[in-house]
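Trainee: Hi! Could you walk me through the enclosed spaces in this protein?

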Amino acid sequence: MKIRTILLVLLTMAGTAAGLQLLGCQSAGASSSRAWAADKVYVAPGEHDKYYGFLSGGQSGSVFVVGIPSGRLLREIPIFEPRAAVGYAVHENDPRRRELMATGGVWGDTHHPAPSETNGVYDGRYLWINDLANGRVARVRLDTFEADRIVKIPNLQGAHGIAVVSPNTKYIFVNGEFEQPTDGLTTNPAPYTSVVAFLDPESMEVKFQVRVNGNIDIADSSKDGRYAFSTVYNLEQAKDPESMFQYDRDAVAAIDIPAAEKAVAEGKARLQNGVPVIDPDEVPGILTLVPVPKNPHGINATPDGKYVVASGKLSPTVTIIDARTLKIVAEPEVGLGPLHTTFDDRGNAFTSLFLDSQVVKWNIARAIEGASDYIVDRINVHYNIGHLQAVGGETMDPKGDFLLALNKLSKDQYLPVGPDMPEAQELIDISGEKMRMLSSFPTPPEPHDAVFMPAETLKGRVRQTYDLAADAVAEGQESVVRTGPRSVHVRMTLIRSAYTPEQFQVREGDEVTLTITNVETIRDMTHGFALPDHNMNISLPPGFTKTITFTAGKPGVYWYYCTNFCSALHLEMRGRMVVQPRDTTVEITDWHAAQNVKGRQVPGVPSTGAAR
Ligand code: CUA
């Protein structure tokens with residue numbers, strides 16, 4: 001009895017000791033693995049990230065710029081939505097707002113950032129992005145990180161897939177996901193169809209379109225510029241969702257770009273809303289449909305240009321297609337709900353699995369050989385991953401270091417912020433054989449896709465100040481000029497921490513044109529110009545000039561003030577727009593008088609007060 005008790009105690013102690021040892025070992029392992037991951041993503045204060053990450057803002061209508069690997073948010077570039085914080089498209093007469101209004105409205109749904117390429121790698125000039133909702137494409141300049149063009153694409157609804165034509169950005173092409181009646185609504189029921197639109201990267205003009213039946217989804221080009229590839233689902237051409245997945249195979253559409261150009265040159269396209277549209281039924285050889293299972297989604301060209309990979313979505317497979325012969329070379333199983341594929345620099349592909357909530361790593365050559373061990377690794381992500389992107393995975397120069405999983409649901413990953421959860425991005429190390437989870441960072445809704453650009457690519461290209469524009473107002477050249485019975489032109493400068501003029505007078509209902517220049521030459525010295533009750537906020541980075549027209553409101557004093565904290569006197573940086581009654585007989589003192597009183601006469605300025 002005694003012996004048994006002692007034995008039991010000993011056994012228990014041994015068990016506990018072993019347990020403790022195991023626990024200690026595990027926790028040491030866990031903590032060293034956490035330290036390893038933390039070290040991979042840690043960017044010390046004052047240091048810069050290795051890559052720019054451009055994440056589409058989805059329903060935010062913007063592009064999020066984050067540093068990779070840190071995940072730090074560097075900038076949100078507003079595109080399809082006004083953003084008062086940076087004075088973007090806020091005021092009715094802002095040219096960008098007018099462009100938005102003329103093309104579909106002040107909101108958008110951005111999905112796929114597509115940077116310009118030279119020789120198959122990002123060159124840092126532009127980035128294009130779609131607005132699925134309103135059939136638009138915008139261009140962002142990567143020297144100023146600002147949208148500079150927004151165009152509406154005719155004959156197309158649901159601008160979804162977008163890609164540049166490699167290797168030198170000959171076109172941007174955009175897929176119309178939502179089919180439209182071929183002849184308007186003149187026959188009932190008219191067959192529905194859609195188009196792929198090819199835009200010139202500089203003029204943003206739609207050069208031609210190619211008609212494709214079905215819902216044209218995601219886009220990528222062959223690396224040699226020959227083919228524009230798009231996945232197409234709903235070859236059933238059904239109009240109700242349940243009928244859209246009857247067929248076991250839909251297609252990858254391969255548009256022969258030189259053949260399409262030739263058809264347009266030979267007048268074989270039909271003008272529709274001013275755009276030449278090629279009907280592949282009438283011009284054979286333009287369009288090849290490669291049958292792939294089933295309601296496919298992503299299409300991604302391998303960095304070596306040999307293959308394109310279509311992800312099966314409703315089939316657990318990916319289809320590997322020879323990018324020159326357009327023949328299917330393999331159809332390996334990868335897991336449930338494959339959506340998109342990206343690549344490293346060692347012949348591996350990474351496919352997102354929406355239903356499995358996983359990234360699967362597989363070897364391209366082994367999958368094509370039919371080897372049984374083509375699956376290399378799997379890693380769980382949180383949760384329901386959509387796009388994924390490895391650094392350089394869309395280019396001919398993949399880096400093979402980091403991969404970002406863009407997950408649709410974050411569930412338990414962050415502190416709850418109400419019923420609407422943040423989106424979850426997870427950064428994964430792909431430098432070894434096994435993938436390793438590094439970090440996670442939230443964003444507002446909803447990044448669909450991302451691309452990464454080496455910081456080196458934009459080094460020397462990103463401007464820190466603006467060159468003075470032709471209409472810039474120079475210091476000493478400020479003026480308030482009555483240009484007509486009911487119009488006034490105010491030419492204003494600002495510099496820490498004053499507006500010149502610091503007041504101007506107008507009459508109610510006057511059309512006021514304000515040309516305003518931030519004459520600072522020091523980087524990061526942005527000033528604002530916010531004018532109460534006139535829906536006006538302008539943000540002026542150093543050197544920037546903006547001209548804006550507005551109507552002077554009810555009589556009263558309106559303080560314009562600086563919205564960007566610029567100096568110790570920031571709060572004092574303000575001025576007055578004095579609006580006199582329309583029929584005032586009061587002599588209105590111009591701002592020079594006020595200047596002179598304070599002994600701050602501005603030389604060379606004609607004394608042309610607002611109203612007399
Ligand atoms: Cu300028 Cu605050």
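Mentor: Sure, here is a short tour of the cavities. This is a predicted model, where local features need pLDDT of at least 70, side-chain atom pairs count only at pLDDT 80 or more, and totals for chains, interfaces and linings use all residues. Residues are numbered from 1 along each chain as its sequence is written, and side-chain values use heavy atoms, leaving out hydrogens and water.

Trainee: What counts as a cavity here?

Mentor: On a 1 Å grid over the protein atoms alone, a cavity is a set of points where a 1.4 Å probe fits but cannot get out, and lining residues have an atom within 4 Å of a point. Points are joined across faces, edges and corners, and the volume is the space filled by probe spheres set on them.

Trainee: How many cavities of 30 Å³ or more are there?

Mentor: Two. The largest has a volume of about 230 Å³, while the second largest holds about 40 Å³.

Trainee: Which residues lie nearest the centre of the largest one?

Mentor: Ile162, Ala163, Ala219, Asp220 and Glu394, out of 24 lining residues. Strand β8 (157-164) is among the elements that supply at least two residues, and β8 gives the largest share, four. Strands here are DSSP runs of E, at least two residues, numbered from the N terminus.

Trainee: And what lines the second largest cavity?

Mentor: Its lining is Gly87, Val90, His91, Asp94, Met536, Asn537, Ile538, Lys546 and Ile548. Two elements give two or more residues to this lining, β38 (536-540) and β39 (545-551). The largest share, three residues, comes from β38.

Key: On a 1 Å grid over the protein atoms alone, a cavity is a set of points where a 1.4 Å probe fits but cannot get out, and a pocket is an open set with protein on both sides within 12 Å along at least five of seven lines; lining residues have an atom within 4 Å of a point.
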